Every structure is written in structure tokens, then in C-alpha cells.
Amino acid sequence: MSQFWLYFQLGLEHVLDWNAYDHILFLIVLVASFSFLTWKKVFWLVTIFTLGHMLSLFLSVYKIVLVNTTLVEFLIPVTILATAIFNMINSKKKENKNNVSLLYFSTAFFGIIHGLGFSSYFKMIASGSDSLFLPLLEFALGIEAAQIIVVLAVLLLSFLFQNVLQVSRRDWILVVSAIVIGIILPILKENYLAL
């Protein structure tokens, strides 16, 4: 049981680590245009992201898919930027009027990219293990628990700003997306120059 908590905690801390905040930024822009009222869509978005994420993590760790980590590190901020721009373009639309199939497909694809980003970290921490399956599952569960924490925090902030402080939904989406874009552009530039 102590091994479970070790890998679970590593996954949890890896997402919630402020030094590796790109995952948090993606989750923020992923759910910024939703509220507790549309929790089913949020649930499916996060689940689809999780499935893509876990699939690529497993495929990479078992060396079925080999990737260039520098390219993946460049693509992660691209996914964040694309999601933020999507939010800004659709900020005037009602919550239930977004192109859901496009959003689900892109979320799955972005989950695959983010999972590949975690694979090198996981390979490093589990290098001495005899079997990788259970540690990988435990690590993935820690990552998913952290994602739930981030999503709930974003939905709570969204509720507070929109319902208590009376910020319009459109303004909330635009401001959150603009802040994330402002944070991610220097990272995108740095990762592009590293290619």
C-alpha cells in the first residue's frame, strides 16, 4: 500500500507543482467556459482528456510509441494556446452551443500530447521497478486526482466571479483566456527556440 501512495502522491504533486504549471493552465482554459450547471460536459471533457492522457502515457512507457521530448514540450503550450483562442472565439456563444464534437476530439488529441509529456518524468522515477504497470496506474490516478482538484477550483472561481461579483460569462472567459495566453506565449517561444 505504501508503494501505491508513493506513486499516487508523485502524480498528484507533478500536476500541482507550480514549477510545472502548463498542465494546470490547460485545465484552466479547458473548463473556463463551463459552469457547475454543465457539469456533465465538464465531466466528459476531463474524462476524454484523461483517456487520451493515460493511453499515450502507457504507450510511451512501454515503448510502443517513441517521441521526441523536445517536440512534445513545444506542442504542450500549443495545445494551451489553441484552447484559449477557441474560448475567446466562442466566448459569446451560450454554454451549450459550442461545437461539442470538435471540442471532444481536440481534447482527446491534446490529452495524448500531455500524456507524452509526463512519460519521460515517469520513466525517470520508475526506472528501478521490476513491473511498470501498477506504478504507472498509481501515478496516473494521482495525476487524475490533481486534475479533479484543478477543475473544481476553476469551476468554483467561475461561479464566484460570475454569480457573486456579477462578471459576465463572456468577460470571465476572455479575461481567463487572455491571462493564460499571456503566461504561455513566452513558454511557447522558449520551447520553439529549443527545437
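# Exercises on helix packing, aromatic pairs and loops

Helix H2 (residues 22–31) and helix H7 (169–193) pack with their axes 10 Å apart and at an angle of about 155 degrees. The model is a predicted one, and the exercises below should be read with that in mind.

**Exercise 1. Determine how H2 is oriented relative to H7, and describe the residues through which the two helices meet.**

Step 1. The angle between H2 and H7 is about 155 degrees, and angles over 145 count as roughly antiparallel; H2 is therefore roughly antiparallel to H7.

Step 2. The crossing in which H2 passes H7 is left-handed.

Step 3. On the H2 side the contact is made by Leu25, Ile28 and Val29, which meet Val176, Ser177, Val180, Ile183 and Ile184 in H7. Sorted by class, the contact of H2 with H7 holds seven nonpolar residues, one polar residue and no charged residues.

Step 4. For Ile28, which is placed in helix H2, the contacts beyond its neighbours within four places in sequence are Val154, Val176 and Val180. Ile28 and Thr107, which are 79 residues apart in sequence, are 13 Å apart in space when taken from C-alpha to C-alpha.

**Exercise 2. State how many of the residues of H2 are buried, and name them.**

Step 1. Buried means under 20% relative accessible area, and by this criterion eight of the ten residues of H2 are buried, which leaves the helix mostly covered.

Step 2. The buried residues of H2 are His23, Ile24, Leu25, Phe26, Leu27, Val29, Leu30 and Val31.

**Exercise 3. Carry out the orientation analysis for H3 and H6, and classify the residues in their contact.**

Step 1. Helix H3 (residues 39–61) packs against helix H6 (residues 133–164) at an angle of about 150 degrees, and the axes of the two helices are 11 Å apart. H3 and H6 are therefore roughly antiparallel to each other.

Step 2. H3 passes H6 in a crossing that is right-handed.

Step 3. From H3, the residues Val42, Val46, Phe49, Thr50, His53, Met54, Leu57, Phe58 and Val61 take part. Their counterparts in H6 are Phe133, Leu136, Leu137, Phe139, Ala140, Ile143, Glu144, Gln147, Val151 and Leu155. In the contact of H3 with H6, 15 residues are nonpolar, three are polar and one is charged.

**Exercise 4. Decide whether the rings of Phe4 and Phe8 are stacked or edge-to-face, and then do likewise for Phe43 and Trp44.**

Step 1. Rings pair if their centres lie within 6.5 Å, and by this rule the count comes to ten aromatic pairs. In one of them, the ring centres of Phe4 and Phe8 are 5.5 Å apart and the planes meet at 25 degrees, so the pair is stacked.

Step 2. Both Phe4 and Phe8 lie in helix H1 (residues 2–16), where they are four residues apart, or about one turn of the helix. Phe4 counts as partly exposed at 22% relative accessibility, whereas Phe8, at 16%, counts as buried.

Step 3. Phe43 and Trp44 form an edge-to-face pair, with 5.2 Å from centre to centre and 75 degrees between the planes. Phe43 is partly exposed, with a relative accessible area of 44%, and Trp44 is partly exposed as well, with 46%.

Step 4. Trp44 is found in helix H3, and although Trp44 and Tyr104 are 60 residues apart in sequence, their C-alpha atoms are 8.0 Å apart in space.

Step 5. Ring pairs also link Phe26, Phe49, Phe109 and Phe110 into a cluster. Of these, Phe26 is among the buried residues of H2, and Phe49 is one of the H3 residues that meet H6.

**Exercise 5. Locate Lys63 and Gln166, and work out whether each is buried or exposed.**

Step 1. Most residues other than glycine have a negative phi. Lys63, although not a glycine, has a positive phi of about 60 degrees, and Gln166, also not a glycine, has a positive phi of about 60 degrees.

Step 2. Lys63 lies in the loop between H3 and helix H4 (69–89), while the place of Gln166 is in the loop between H6 and helix H7 (169–193).

Step 3. Exposed means over 50% relative accessible area; Lys63 therefore counts as exposed at 60% relative accessibility, and Gln166 counts as exposed at 62%.

Conventions:
Residues numbered from 1 in each chain as written. Predicted model: local features only at pLDDT ≥ 70, side-chain atom pairs only at ≥ 80, totals over all residues. Heavy atoms only, no water. Axes fitted to C-alpha atoms, helices over the stretch in contact; angles between N-to-C directions. Parallel < 35°, antiparallel > 145°, perpendicular 65-115°, else oblique. Left-handed = near helix turned anticlockwise from the far one by under 90°. Contact = heavy atoms within 4.5 Å. Nonpolar A, V, L, I, M, F, W, Y, C, P; charged D, E, K, R; others polar. Buried < 20%, exposed > 50% of the residue type's maximum accessible area, 1.4 Å probe, protein only. Phe/Tyr/Trp six-rings, centres within 6.5 Å; stacked < 30°, edge-to-face > 60°.
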